[in-house]
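Pull up the model and have a look around with me. We'll start in the interior and then work out to where the chains meet.

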Amino acid sequence: MDKRDPFRHNVLTSGHRACSGCGEAMAARMVCDLIGPDAIYINATGCLQVFTTHNQQSAWQAPWIHSVFANAAAVASGVEAALRVRGKDTPVVVQAGDGGTFDIGLQCLSGMIERGHDVLFVCYDNEAYMNTGVQRSSSTPHAVHTTTSPPGRLSQGKHHLKKDVISIVAAHYMPYAATATIAYFPDLKAKVEKAMGIKGPRFLQVLSPCPLGWAHDSALTVTVSRLAVETGLFPLIELEHGELTGVMRLAEQKPVEEYLRPQGRFRHLFGNGEGAAELRHLQALADARICRYGLLDAATEWDTQSAMQSMRHGRGGYVPVLQEEMEK
Amino acid sequence: MTPELAFEPGSSTAYHTGEWRIAKPLYRDKWPPCGQSCPASEDIQGWLALASEQQWETAWRKLTERNPFPATMGRICYHPCEQACNRGHLDSVVNIHAVERHLGDLAIANRWRHAPLDELPKRQRIAVVGAGPAGLSCAFQLVRRGYPVTVFDAQKEPGGTLRSGIPAYRLPKAVLADEIDAILALGIELQAGTRVGREISEEELRDRFDAIFLAIGTQRPRRYQGDASSHSVMSGLDFLHRLNRGERMVLPSRVAVIGGGNTAIDVARCARRLGAQVTILSPQDPPVNHLTRRGTEMPVSSQELMEAESEGVELLYRVGVRRLVRSGEHLSGIEIAHVDQVHDRHGRFNPVLFDGTEAFVPAGLAIFAIGQQVEWQGLEGLSQAPESERVWIGGDAGGSPRFAVAAVGSGYQAAMSILTALQDPAAPFAAEEKPHISFKQMHLEYYPARPRHEGRVIAQPLDGFDETVQGLAESDARQEAERCLSCGVCFQCDNCWHFCPDAAVIKKGAGYEIDYDYCKGCGICVQECPCGHIDMEKVE
C-alpha cells in the first residue's frame, strides 16, 4: 500500500498510465478519496480501467472489479444484493466513462435504477471514446471534431447534439442525480457527500476534460472545465426525484468562444463562414441551458466565483489516513 | 507453462511515470512587491499572514525584525508598499499601513517587550550619534545582538525629527515615546542633551568606542536668499520645532508656505489649526502615482495632500517666489511666477521662472520649507572618516531620500555593516536572493473582490492637534490582513494538491512536496496556483 500522504488515502494512486494532465484521473482520485477505501468499486471498460490496471499493475488501493463494457451497473447490482444478503452496508460505486454510460452501459444503468439498488454510479464524462483513439459518442457535443466526425465539405464536426443523459437518469424518479466538474472541488465534495448520505440509486456526471481528445494544453485541464461551466455549456445542477433542487449560479456569463478557443477539437470553427454559424449555434445552446436552469438568477449558496475562491489552509479535503494506519 | 511477464503483478507505484516528464514544476518563494518596495525591507506579506490568523504578537515580532516603529510608521509612512500592491489590479490595494499601526498600537497597549536575539554579551562598544529613526533603528539591531550601545543626542528627549518635525495630529507624542521606550528598554544607554563637539569631543568618541554611527539628520534649514530682512519670514523646520516644543504661536490672518514636500504640508496644516488662512506655493505638480518621478511632482503622498485640501489649505502648483513684497518692514505678500524648471542645469533645486506670469499672493508671514541640510558643525573630523576607521553615516545625513522609513532602513543597513566590520560570528548577512513576482504571474480569478477597510477620519474642529485618523478595529484589521494576495508565497490553498492527476503532490503538515517519481509535468499545478508560487522548468 502507498501511504505517502497523511491527508488522503490516494485510493487511485500514482504510477497509472493516464496521459499528462488527464482530467479523468484527477476526477476519479477526488471522488474515490472522498468516498474512501472502504467501498467496492466496479469499473466499466474505458480509459480509467485501462490506464489504472496496466500489465498487472493496479493503481487501486481499494476493492476494485472490472467485467465488460456494458454491464458495470449489472455487476454492481449483484454486488449490492450480495452485500445486502450478508447484512453488510459497504458502499458500492460504479465508475464508467461516457461510452459506458450514455451508449453501451445505458440499458444496465436504467435497470439498476429501476430496481432501486443502493449504488452510486459515477460517470466521468470526457465526451468521446478517448481510449480507442477519439471516436464520437452520444456525449460528444455538437460541432466537435473527432476521428469519426471529421469536419469537411459536408459537416462542421459532429452533426448531432450531446445526449441529455442527466434528464434521462432523473426521469427514473431518481433519488439523486447531479452534475459536477473538477474545477470546483468544494462543489464536487458537497455532491459526493450528499450522494453518500442517500440510500438508493444515485448518479453523478463529472465533466473531465481530455487534453488528448480535446486537443488543449495539458496544463489547461482545470481551466477548460471551469470555462465549460462559466459559459453555461455544462450546467452544474442537482435533481432529486426528477425535480431541480440546486444549481451553481454563474457569477458572470462568459462567451462560449473563451471555452472553445483553447481546444483543438473546435479549431475548424474559427476563420470561416460555416464555422461562424456553428459558433452562433453553440452560443445559442449555452444561452438555452442558462435559461432552462436559471443559471444567472437562481438563489444559491454559492456561485462560480465564490465556489472557486482560494483560502489560506484550503477549503477542506478528504478523510485523513489514521495515524495507526500510517504506522502499520 | 506460465508466460513470463514484463512486470511483476502489484501496485502501479512500481512504475515511475516521472520519466515521461519534459518540464518540471518547482515550489519557489518569491519576493512580493510590497516587501520589495519597503525602504525598511519589512517582510510585509509575512506579518500580514500572521495577522490574518490573529497571531498578533508573532506578527508584531516579525515586523519589528526590521522596523521597531510600527505604531509610528503605520501613521506617518508614505507607504510605497501600497503603491506596489498587486491587489490594485483586482479591486483596491491592501491597507497595509493601517494593519501596521494596529500591530504597533496593540504592542503599546499590551506592553509587549522586544526580546534580545543573542544573550551572549559582546565587548565592542558602539556609539550612535542622533536618536532619530536611523540612529535608534541601528542601536536597536545592535543591542538585540548583544552589543553595548550608547546613543547621543543634542536634544533633551530622543526621537529626532519624529519628535520635533511631525505634528501631533499625525503622530501623537505619547505613541512615539512608548515605542522609543520599548527600544531603549533593551539596554541602550541614552545620553540626551549631549552634543558631540560640545559636551563630548570627537576624539573622546573615537577613544571610547569601536564603531560610530552618525545619524544626525538634516538640522539646518535652507533659507530664502532673495530678501535681506528676516522679518515675517521663518523656516518650516523652525516653525515645527517651536510648535512641537509647545509654543502657541500667534499668526497673521494669511500665511504663505513655500515648498512642495511633506514639511510644507505639515506646516500648512499646523498653521490652519492656529487659525490662519494658508496657501501652499509648490514649485511642482501634484503627485500622480509614483514618487519616483521626483523632478516635477511633489514628493508627498496624495492622501496627505487631499487631507490638507479638505482642511481648507489652498494649493498653487508650479509657482515660485519672485520677491517678497513689503511696505516698510511689514510683509504684505509674495510676488509669484510660474515655474519653468524646478532644477537648474546643475541639477540643483533652483526654480527657473517665466517672465510675464507674475501674480500677487497676500500674506503676513512667509514660511519657507524648501529643504534642509546636514549641520556638520562639531563633527567635521568624523564626517570625513572612511568606513575603514569604523565610522558610518546614515539616515538623512547619509543623503538617502528624506522619509522616516528610509532612515529606519538606513539604520538597519548600517547595523549590518558594523556587524560585518566587527566580525560578528553571525556576519556576513547575505541577502536572500529571491525572484520577484508581477501580477501577470498570479491567477487573480481565485481571489474574490473584498472591500478595503479604512481608518475612520475623525471630524473635529480645526483648532486642535488631536489625531485625525482612527485606527482599525481588531476585526477590520484581521479582514484587511486577509485581503493580502500572498504574492509568490504559498498560503496552502491545496489547489496543487487537489488538481494533481497523478497524486504526485504530497501534502505535508505545512506545505507540499512533489514526488518527482510520478510527476508527469502536465503543468496544471502551475496554471492553477493562485499566487504564482510554482515555476515550470524545462527538463534537458
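Which residues have the most contacts inside the largest nonpolar core? Keep in mind that this is a predicted model. The two to find are Phe213(B) and Leu214(B), and the core they sit in has 207 residues. Helix H15 of chain B, residues 404–421, gives the most to this core, with 10 residues. The core also draws at least three residues from each of two domains of chain B: domain 1 (12–29 + 490–538) and domain 2 (126–219 + 374–421).

Zoom in on Leu214(B) for a moment. Leaving out residues up to four places away in sequence, Leu214(B) touches Val129(B) and Gly130(B), then Leu379(B), Leu382(B) and Ser383(B), and also Val391(B), Trp392(B), Ile393(B) and Ala397(B). Elsewhere there's a second, separate core of 40 residues, and Leu243(B), Ala271(B), Val300(B) and Leu365(B) are among its members. As a general background point, nonpolar side chains tend to be buried together in soluble globular proteins.

Now swing round to the place where the chains meet. Here 40 residues of chain B are in contact with 40 residues of chain A. On the chain B side, the elements giving two or more residues are strand S1 (10–11), helix H17 (495–499), strand S19 (505–507) and helix H18 (524–528). H18(B) gives the most, with 4 residues. Sort the chain B side by type and you get 22 nonpolar, 12 polar and 6 charged residues.

S1(B) deserves another look. Strand S3 of chain A, residues 57–58, runs parallel to S1(B), and 2 bridges join them. Within that pairing, Ser11(B) has Ser58(A) standing opposite.

Definitions and conventions:
Residues are numbered from 1 along each chain as its sequence is written. Chains are lettered from A and ligands numbered from 1 in the order in which they are written. This is a predicted model: local features need pLDDT of at least 70, side-chain atom pairs count only at pLDDT 80 or more; totals for chains, interfaces and linings use all residues. Two residues are in contact if their C-beta atoms, placed from the backbone, lie within 7 Å. Ala, Val, Leu, Ile, Met, Phe, Trp, Tyr, Cys and Pro count as nonpolar, Asp, Glu, Lys and Arg as charged, and the others, Gly among them, as polar. Two strands pair if DSSP finds at least two bridges between them. A nonpolar core is a set of buried Ala, Val, Leu, Ile, Met, Phe, Trp, Tyr and Cys residues joined through C-beta atoms within 7 Å. A residue is buried if 20 or more other C-beta atoms lie within 10 Å of its own, exposed if 12 or fewer, and partly exposed in between; C-beta atoms are placed from the backbone. Domain bounds come from an automatic or database domain assignment.
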